[in-house]
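Please open the model in the viewer and display it as a cartoon. The tour below proceeds from one selection to the next.

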Amino acid sequence: FRQTLTQAGFDIENRQVIPYRWSFSGKEQMAEFCILMFGLDKATPEIVLAAIEQYLGYSSDESGYHMNWELEFLRCRHSL
C-alpha cells in the first residue's frame, strides 16, 4: 500500500502502527466476526478461534474477549 501511495505521487510524512483490540461478549462472537469480515465460509469457528489464538492472541476479562489487532496510520502529502 505504501508503495502504491508513493507511485501515485504521495510523500509519506508519518507512519505509525497502533495496537488495537476488537472486543466481543464471547469467543463465539469473536470467531463469527472474523468469519464474516474475511469471508472464511469454509472454516469452522473452532479453526478460526485456534488461528486467532496462534497468530493474533486475545485476552478476556469481566467485560468480554479482546482480540489483538494493529492499525497502520499514514499521513501523506501529495507532491505536486
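Select helix 2 first: helix 2 lies across strand 1, strand 2 and strand 3, at about 35 degrees to strand 3. Helices (H or I, at least four residues) and strands (E, at least two) are DSSP runs numbered from the N terminus. Axes are lines fitted to C-alpha atoms, for helices over the stretch in contact, and angles run from 0 to 180 degrees between N-to-C directions. Add helix 3, which packs on the sheet and touches strand 2 and strand 3 (contact: heavy atoms within 4.5 Å); its direction makes about 55 degrees with that of strand 3.

This is a predicted model, in which local features need pLDDT of at least 70, side-chain atom pairs count only at pLDDT 80 or more, and totals for chains, interfaces and linings use all residues. Residues are numbered from 1 along each chain as its sequence is written, and side-chain values use heavy atoms, with hydrogens and water left out.

Next, select the strands. They form an open sheet of 3 strands in the order 1-3-2, with antiparallel pairing (two strands pair if DSSP finds at least two bridges between them). Strand 1 (10-24) and strand 2 (58-61) stand at the edges with a single partner strand each, so one side of each lacks a neighbour in the sheet. Strand 1 is joined to strand 3 (residues 64-78) by 14 bridges. Centre on Arg15, which stands opposite Leu74 in strand 3.

Finally, return to helix 2 (residues 27-38) and helix 3 (residues 45-56), which pack at about 95 degrees with axes 9 Å apart. They are therefore roughly perpendicular (65 to 115 degrees). Show Lys27, Met30, Ala31, Cys34 and Ile35 of helix 2 against Pro45, Val48, Leu49 and Ile52 of helix 3, which make the contact.

Key
Parallel < 35°, antiparallel > 145°, perpendicular 65-115°, else oblique.
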